[in-house]
Amino acid sequence: MKVAVYNTVRGGTERFRPYADKYDNIELVAIDCPPTLETLDKLKEFGCEAMIYTSDHQEGEEFFKKIAENGVRYVCCCCTGYDHFNISAMKKYGLKGANVPYYSPNAISEHTVMLVLAALRHFRTQILNVEHGNYQLAGLMGREIRNMSIGIVGAGRIGYVTMQCLSGFRPGKMYAYDPFPNERVKEYAQFTTLDDLYAKCDVIIYHAIYNEKNHHMVNAEAIRKMKDGVILINVSRGGLFDTDAVLAGIESGKLGGVCLDVIEGEGILKKQKQYDICPISSLSKLLAHPNVIFTPHAAFFTDEADSNMNETTIENLESYITTGSCDKEVVKG
């Protein structure tokens, strides 16, 4: 089966090649343009029955209709998030779709710990000061994790590994909030309500899944319930945070620091290699404050995690070819 890979997929066909070469029934087809209504005819031109598809936004029904009309039956994304799948349209036109529901949790957890330490030790300010020839210690007094109460919102696989990593620093106390608590978390953290976690914690880490129910769960009201000087870490999805409320919390001093690997509307940041002016005004305003750290949705990006995602994507495609279904299916056509 021929599998289309448009050039919007990071790394193109080469990232999947070592895994696809294991199977005689998968042929990767590189299509050197973005997937648009105008370029989807290339799917039929190359005889593709499947595609690996990523996007920073969700296309309308016509887009997925045209994918199906051009002979594609299976659409696989090489990541966990599948917000770009128009599920109703895909079902309507008989398209099946799968994702990579899990990969190395250590990638995101280790990045999280790095951000926690960077925030507590004013790392961004230290780097900027040294770059400008300032070697003074004024304003750089840090805090130690062993004196912190740390809250983790979302105690699934990634949240659990983050607790394991942080436990080596012996935090004063760890609290967890999750609608579906599991017993193994209790080895490291105490489950509590979200409001109680907000009231007690000096650092709050978000590993929660993103959906309509928790859109902007960190808003002005939530921030009001938090301890003064709390540090917020978001390595999950940008939509969990109301960016304007977070900016107001930084400006007022209510928030002691914010570390973001994601931000709402971040798709625009990938449109070109470099910007003279940040295209997200709220991010630009946040970064004017030295106690804000932003990384470009890079927490997942390790050699191990990338290998996991590439291999699982190809395994999903091979399963579709041989059985017509996939155990990681998120859209059943």
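Contact is taken here to mean heavy atoms within 4.5 Å, and it is in this sense that, in the predicted model described below, helix 7 lies across strand 6 (149–153), strand 7 (173–177) and strand 9. The direction of helix 7 makes an angle of about 165 degrees with that of strand 6, and since angles over 145 degrees count as roughly antiparallel, helix 7 and strand 6 may be described in those terms.

The strands crossed by helix 7 belong to an open sheet of seven strands, in which the order is 8-7-6-9-10-11-12 and the pairing is parallel. The edges of this sheet are formed by strand 8 (190–191) and strand 12 (292–294), each of which has a single partner strand, so that one side of each is left without a neighbour in the sheet. Within the sheet, strand 9 (residues 203–206) and strand 10 (residues 230–234) run parallel and are joined by four bridges, with Ile-204 having Leu-232 of strand 10 as its bridge partner. Beyond strand 9, in the loop that leads to helix 9 (220–225), lies His-216, a residue that has a positive phi of about 55 degrees although it is not a glycine. A positive phi, near 50 degrees, is also found for His-297, again a residue other than glycine, and His-297 is placed in the loop between strand 12 and helix 12.

Helix 7 also packs against helix 5. The axes of helix 5 (residues 105–120) and helix 7 (residues 157–167) come within 8 Å and cross at roughly 50 degrees, and the two helices are therefore oblique to each other. Their crossing is right-handed. On the side of helix 5 the contact is made by Pro-105, Asn-106, Ile-108, Ser-109, Thr-112 and Val-113, while helix 7 contributes Arg-157, Ile-158, Val-161, Thr-162, Cys-165 and Leu-166. Sorted by class, the residues of this contact comprise seven nonpolar, four polar and one charged.

A further open sheet, of six strands, has the order 2-1-3-4-5-13 with mixed pairing. Strand 2 (27–31) and strand 13 (329–331) are its edge strands, each pairing on one side only, and the twist from one strand to the next averages 30 degrees. Strand 1 (residues 2–6) and strand 3 (residues 50–52) run parallel and are connected by three bridges, and in this part of the sheet Val-5 stands opposite Ile-52 of strand 3. Helix 12 (residues 303–323) lies across strand 1, strand 2, strand 3, strand 4 (74–76), strand 5 (96–98) and strand 13, and runs at about 165 degrees to strand 4.

The structure as a whole holds 18 salt bridges. One of them is formed between the side chains of Asp-56 and Lys-271, with a distance of 3.3 Å from N to O. Because Asp-56 lies in the loop between strand 3 and helix 3 (61–69), whereas Lys-271 lies in the loop between strand 11 (255–260) and helix 11 (281–286), this pair ties together parts that are 215 residues apart in sequence.

Definitions and conventions: Residues are numbered from 1 along each chain as its sequence is written. This is a predicted model: local features need pLDDT of at least 70, side-chain atom pairs count only at pLDDT 80 or more; totals for chains, interfaces and linings use all residues. Side-chain values use heavy atoms; hydrogens and water are left out. Two strands pair if DSSP finds at least two bridges between them. Axes are lines fitted to C-alpha atoms, for helices over the stretch in contact, and angles run from 0 to 180 degrees between N-to-C directions. Angles under 35 degrees count as roughly parallel, over 145 as roughly antiparallel, 65 to 115 as roughly perpendicular and the rest as oblique. A crossing is left-handed if the near helix is turned anticlockwise from the far one by less than a right angle, and right-handed if clockwise. Ala, Val, Leu, Ile, Met, Phe, Trp, Tyr, Cys and Pro count as nonpolar, Asp, Glu, Lys and Arg as charged, and the others, Gly among them, as polar. A salt bridge is a side-chain nitrogen of Lys or Arg within 4 Å of a carboxyl oxygen of Asp or Glu.
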